[in-house]
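Got your viewer open? Load the model, pick a cartoon view, and keep the selection box handy for a short walk through the helices.

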Amino acid sequence: MFPLTGTSVAALTIFTAVFAYSDLMWPLVVNSDLNMMTLSSGLATLRGQFTTNFPVLMAGSLLAMLPMVILYLIFQRQFIEGIASTGGK
């Protein structure tokens, strides 16, 4: 049965990786050390109360986004097949 569900499992893997990679609230709640922050919570700390350094924030956002874009480009065929097969008809 696994060959039939391979594309669905690939799509689920990509969705799970993106969800875990972009988790924001839990690392902010349990972590107070700036050196141990995840990328998304580190980017959230770059926003100041009164001022924000937007060039640094956008550069950090680009660097945080690159691994997920590369993951999608590598598994693009499996991802599209997995989404299309779950549509059911």
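What span should the 21 residues of helix α4 have at 1.5 Å a residue? Select residues 54-74 to see α4. The expected span is 30 Å, and the end C-alpha atoms are 30 Å apart, so the two agree. That expectation is 1.5 Å times one less than the number of residues in the helix. Helices here are DSSP runs of H or I with at least four residues, numbered from the N terminus.

Before you click on, some ground rules. This is a predicted model, where local features need pLDDT of at least 70 and side-chain atom pairs count only at pLDDT 80 or more, while totals for chains, interfaces and linings use all residues. Residues are numbered from 1 along each chain as its sequence is written, and side-chain values use heavy atoms, with hydrogens and water left out.

**Stop one: along α4**

Stay on α4 and click Leu66, where the helix bends by about 30°. The bend is the angle between axes fitted to the seven residues ending at that spot and the seven starting there. A proline, Pro67, follows within four residues.

Now colour Leu57, Gly60, Ala64 and Met68, which are buried residues of α4. Buried means under 20% relative accessible area, exposed means over 50%, and partly exposed is in between, using a 1.4 Å probe and protein chains only. What covers them? The cover over the buried residues of α4 includes α1 and α3. Contact, here and below, means heavy atoms within 4.5 Å.

**Stop two: α3 beside α4**

Next, select residues 39-46 to bring up α3. The axes of α3 and α4 come within 10 Å and cross at roughly 170°. That makes α3 roughly antiparallel to α4. Angles over 145 degrees count as roughly antiparallel, under 35 as roughly parallel, 65 to 115 as roughly perpendicular, and the rest as oblique. The axes are lines fitted to C-alpha atoms, for helices over the stretch in contact, and the angles run from 0 to 180 degrees between N-to-C directions.

Show side chains where they meet: Leu39, Leu43 and Leu46 come from α3, and Val56, Leu57, Gly60, Ser61 and Ala64 from α4.

While you're in α3, click Ser41. Is Ser41 buried or exposed? Ser41 is buried, with a relative accessible area of 0%. Its side chain makes a polar contact with the side chain of Thr38 at 2.9 Å. (A polar contact is a pair of N or O atoms within 3.5 Å; within protein, one must be able to donate a hydrogen and the other to accept it, and residues adjacent in sequence count only if both atoms are side-chain atoms.) Not counting residues up to four places away in sequence, Ser41 touches Leu24, Pro27 and Leu28.

**Stop three: the loop before α3**

Step back to Asn31, in the loop between α2 (25-30) and α3. Asn31 is buried, at 18% relative accessible area. Draw a distance from its side chain to the backbone oxygen of Met36, and you should get 2.8 Å. Beyond the neighbours within four places in sequence, Asn31 is in contact with Met36 and Met37.

**Stop four: α5 and its two partners**

Select residues 76-85 for α5. Its axis and that of α4 come within 4 Å and cross at roughly 75°, so α4 and α5 are roughly perpendicular to each other. Tyr72, Leu73 and Ile74 of α4 meet Gln76, Gln78, Phe79 and Ile80 of α5. Pause on Gln76, which is partly exposed at 33%.

Now add α1. The axes of α1 and α5 come within 7 Å and cross at roughly 110°. α1 and α5 are therefore roughly perpendicular too. On the α1 side the contact includes Thr7, Ala11 and Phe15, and on the α5 side it includes Phe79, Gly82 and Ser85.

**Last stop: α1**

Finish with residues 2-21, helix α1, and click Ala17. At 27% relative accessibility, Ala17 counts as partly exposed. Ala17 touches Met68 and Leu71, leaving out residues up to four places away in sequence. Then try Leu12, also in α1. Leu12 is exposed, at 54%. Its C-alpha atom is 8.6 Å from that of Phe79, although their places lie 67 residues apart along the chain as a separation in sequence.

Methods. Helix = DSSP H or I, 4+ residues; strand = E, 2+ residues; numbered from the N terminus.
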